[in-house]
Amino acid sequence: MVKAIIFDLDGTLLDTSHDIYKVINESLQEFGLAKISYEDTLKFVGNGAKKLVERALGERTDMLQKVYSDYAERFADCDNELTSLYPEEAETLKKFKEAGILLAIISNKPQRATERVYAKFLSDFEFNMVLGQTECYPLKPNPASTYAILDKLGVSAEDCLFVGDGEPDVQTASAANIKCVSALWGFRTKEQLVKAGAENFAEKFSDLEKYVF
């Protein structure tokens, strides 16, 4: 049985897509810039807030720092009224906790925003570590933050599972020699994940159980 599971956050544990779409467009409009579509929002997420803003700006790279600062502040203060857990998630996470499995989160979302949504939606599941974007570690797919979590939890890569919905999650798990399960309920298609090297898939949250027990 797996001893620990490292989860991505956006698109894996929480459907934050509608809040991200709302806030990024608020920031773009603040500076008189063109809005982006919901579909483009999904395409642009996954590599951190700054990369999201950069992609949303297109050729307006001169506005990157201003829009990023505005977006980061707005998103950290966002009430996340459009965010939700995924179907079967609560029941599955409870099973993992009852089985004594350690749970951790690694997100490319800034730490402050990561902690806020964790407190609002996931704190009842008592994750053992919650790590967002900080100055301590580079963003995924760099495996440094993953190594730090393994060390803190006292778990080997062989006894851990990495669950995420994006290409950076597949790449991070590969770099850290951890088995990865790609969540098909998130922001990427199966075809996109296969191109990134994904081999194991879960169509719904409860499908994770077959990889754990």
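Leaving out residues up to four places away in sequence, T146 touches I6, I106, F162, T172, A176 and I178; a contact here means heavy atoms within 4.5 Å. This threonine sits in helix α7. T146 counts as buried because its relative accessible area is 0%, where buried means under 20%, exposed over 50% and partly exposed in between, with a 1.4 Å probe and protein chains only.

A word on the ground rules. The model is predicted, so local features need pLDDT of at least 70 and side-chain atom pairs count only at pLDDT 80 or more, while totals for chains, interfaces and linings use all residues. Residues are numbered from 1 along each chain as its sequence is written, and side-chain values use heavy atoms, with hydrogens and water left out.

**The whole protein**

Stepping back, you will find 10 helices and 6 strands. These are DSSP runs numbered from the N terminus, with helices (H or I) of at least four residues and strands (E) of at least two. The radius of gyration is 17 Å, which agrees with the value near 17 Å expected of a compact globule with 213 residues; that rule is 2.2 Å times the number of residues to the power 0.38, and the radius is taken over C-alpha atoms. Along the principal axes, the C-alpha atoms fill a box of roughly 55 × 35 × 30 Å.

Of the 213 residues, 52% count as buried. Among contacts between residues at least 6 apart in sequence, 66% join residues at least 24 apart.

**Two nonpolar cores**

A nonpolar core is a set of buried Ala, Val, Leu, Ile, Met, Phe, Trp, Tyr and Cys residues joined through side-chain atoms within 4.5 Å. The largest one has 50 residues, and I5, F7, L93, L122 and F127 touch the most other members. A second, separate core of 21 residues includes A4, V170, A176 and A198. Returning to L93, its contacts beyond four places in sequence are F7, L13, L103, L122, F125, F127 and F205.

**Helix α8 and its surroundings**

V170 also belongs to helix α8, which spans residues 167–175 and has E167, P168, D169, V170, T172 and A173 buried. What do the buried residues of α8 pack against? Their partners are α7 (144–153), β4 (160–164), β5 (179–183) and α9 (190–195). Just after α8, N177 takes a positive phi of about 60°.

**Backbone details worth a look**

Two glutamates in loops have positive phi values although neither is a glycine. The table sets them side by side.

| Residue | Phi | Loop | Relative accessibility |
|---|---|---|---|
| E88 | near 70° | between α4 (64–76) and α5 (89–98) | 34%, partly exposed |
| E126 | about 50° | between α6 (111–122) and β3 | 54%, exposed |

Where is P141? This proline lies in the loop between β3 (129–133) and α7. A cis peptide bond joins K140 and P141, with omega at about 15°.
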